[in-house]
Amino acid sequence: MRIEHIAMYVSDLERAKDFFVKYLGGHANAGYHNKTTDFRSYFITFEEGARLELMQKPKMWDLEKPLARTGYAHLAFSVGSKEGVDALTARLQQEGFQVISGPRTTGDGYYESCIVAIEGNQIEITA
């Protein structure tokens, strides 16, 4: 058994796609558009096979996303090294993304940082 993909609805589909491609090395498919329902999506594929489906449809709720809540907490991406975590965190911060923790070594041994990225959703960057 393996997770085939993770999906998330977003308000700005193109901006979300560009984030995962530009900063996290994803590759986007050509996209899908159901003209009847106006549902749109992209699958973003990452180097080691993980996939993320970004979706958008008309009339969605975009509720506040407090960081301490039930449900999905974050998406974690490994960049392979502490130096990679430091560099990507600095780049994201310079480009206006909020760093909410780290870079640091956590109590469970991860070297990581956490940022608030796409529409209030948290991204964890790990070594």
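This briefing covers the two largest pockets and the salt bridges of the structure. The model is predicted. Its largest pocket holds about 610 Å³ of space, and the second largest holds about 480 Å³. There are seven salt bridges in the structure, and three of them are described below.

**Largest pocket**

- The lining of the largest pocket is made up of 20 residues.
- Phe46, Ala50, Ala76, Phe77 and Ser78 are the lining residues nearest the centre of this pocket.
- Strand 5 (51-56) and strand 6 (74-78) each give the lining at least two residues.
- Strand 6 makes the largest contribution, with four residues.
- Sorted by class, the lining of the largest pocket has 11 nonpolar, five polar and four charged residues.

**Second largest pocket**

- The space in the second largest pocket is about 480 Å³.
- This pocket is lined by 25 residues, and Met8, Tyr9, Lys65, Arg69 and Asn121 are the closest to its centre.
- At least two lining residues come from each of strand 1 (6-9), strand 6 and strand 9 (122-126).
- Strand 1 has the largest share of this lining, at four residues.
- The lining of the second largest pocket consists of 14 nonpolar, six polar and five charged residues.
- Strand 6 therefore supplies at least two residues to the lining of the largest pocket and at least two to that of the second largest, each by the DSSP strand assignment.

**Salt bridge within helix 1**

- Lys17 and Glu14 form a salt bridge through their side chains, at 3.7 Å from N to O.
- Both residues belong to helix 1 (residues 13-22) and sit three residues apart, about one turn of the helix.
- Lys17 has a relative accessible area of 16% and is buried, because buried means under 20%.
- Glu14 is partly exposed, with 39% relative accessibility.

**Salt bridge between helix 1 and a loop**

- The side chains of Glu95 and Lys22 form a salt bridge at 3.3 Å, N to O.
- Glu95 is in the loop between helix 2 (82-94) and strand 7 (98-105) while Lys22 is in helix 1, so this pair ties together parts that are 73 residues apart in sequence.
- Glu95 is partly exposed at 39% relative accessible area, and Lys22 is partly exposed at 48%.

**Asp38–Arg40 pair and a shared network**

- A salt bridge of 3.6 Å, N to O, links the side chains of Asp38 and Arg40.
- Asp38 is partly exposed, with a relative accessible area of 33%, and Arg40 is also partly exposed, at 33%.
- Elsewhere, Glu14, Lys17 and Asp18 are joined into one network by salt bridges that share partners.

Terms used:
Residues are numbered from 1 along each chain as its sequence is written. This is a predicted model: local features need pLDDT of at least 70, side-chain atom pairs count only at pLDDT 80 or more; totals for chains, interfaces and linings use all residues. Side-chain values use heavy atoms; hydrogens and water are left out. On a 1 Å grid over the protein atoms alone, a cavity is a set of points where a 1.4 Å probe fits but cannot get out, and a pocket is an open set with protein on both sides within 12 Å along at least five of seven lines; lining residues have an atom within 4 Å of a point. Grid points are joined across faces, edges and corners, and a volume is the space filled by probe spheres set on the points. Ala, Val, Leu, Ile, Met, Phe, Trp, Tyr, Cys and Pro count as nonpolar, Asp, Glu, Lys and Arg as charged, and the others, Gly among them, as polar. A salt bridge is a side-chain nitrogen of Lys or Arg within 4 Å of a carboxyl oxygen of Asp or Glu. Buried means under 20% relative accessible area, exposed over 50%, partly exposed in between (1.4 Å probe, protein chains only).
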